[in-house]
Amino acid sequence: MWNKTKSLQLSIILVRVLFVFIPLLMLCVPVITEWYDAVYGEGIGLLGGRVALPLSICLYLAAVCGMVCLWALGRLLQNIRKDEVFTAANCKHLRVISWCCLLAAIPFGVFGIWRSLSFVVALAAAFFGLILRVLKNVFEKAVELKEENDYTI
Amino acid sequence: MPIIVNLDVMMAKRKISSGELAKKIDITPANLSILKTGKAKAIRFSTLEKICEILQCQPGDILEFREEEEET
């Protein structure tokens, strides 16, 4: 039977799988960018020409953000498993994840000069970062309220 | 915080232990310790009522307002 514990366990497993998958994917970046250049050589953007190098830099920078994000997600899930939900540590993890999304938007935004479609990815990442930032603010308030409640005798 | 909790003083006057008081007012010894050490952020009227009833005192005997001294 499916329950909350199994759902949490699945989230932890998915995060761990991605944590291993991203570095493996990064090893394939030269191949991916070369393939992209060969298949989508003529894309829409301010600058034309080969995009293998800027795309590689963009993907590597985004991967770093992704790895940090996954690490924070892992810590967050571990805390939730320990029934420590509304804590200052979790607020910090959410803040890290939010900043990672916002920072990941930068390389994609810059890559938009070569391929305009990349702006969509940058916008999505920035929007996601913003949503997480609001969630972090909600968490901060919840921590404050919980502390007040815990210290009301 | 400028509100001082003088619960330990009143407890000493009434010669009652923490464990006994916690049991009588139906709160955990840990919570009573939070109250005694001044870490509490608020106190429920119901708790205050029970403390006053058990210790036979007024809320003012337990809680005291003391202005914070400014650093010069």
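**Exercise 1. Find which residues A104(A) touches, leaving out those up to four places away in sequence.**

Step 1: set the cut-off. Two residues are in contact if their C-beta atoms, placed from the backbone, lie within 7 Å.
Step 2: list the partners. A104(A) touches A62(A), C65(A), G66(A) and A125(A).

A quick note before going on: this is a predicted model, where local features need pLDDT of at least 70, side-chain atom pairs count only at pLDDT 80 or more, and totals for chains, interfaces and linings use all residues. Residues are numbered from 1 along each chain as its sequence is written, while chains are lettered from A and ligands numbered from 1 in the order in which they are written.

**Exercise 2. Place A104(A) in the largest nonpolar core and say which elements build that core.**

Step 1: a nonpolar core is a set of buried Ala, Val, Leu, Ile, Met, Phe, Trp, Tyr and Cys residues joined through C-beta atoms within 7 Å; buried means 20 or more other C-beta atoms within 10 Å of a residue's own.
Step 2: this core has 25 residues, and A104(A) is one of those touching the most other members, along with C69(A), I97(A), C101(A) and F108(A).
Step 3: α3 (52-81), α4 (88-111) and α5 (118-150) of chain A each give two or more residues, and α3(A) has the largest share, ten residues. Helices here are DSSP runs (H or I, at least four residues), strands too (E, at least two), numbered from the N terminus.

**Exercise 3. Describe chain B.**

Step 1: count five helices and two strands, in the order β-α-α-α-α-α-β from the N terminus.
Step 2: of its 72 residues, 15% are buried.

Key
Buried ≥ 20, exposed ≤ 12 C-beta atoms within 10 Å, placed from the backbone.
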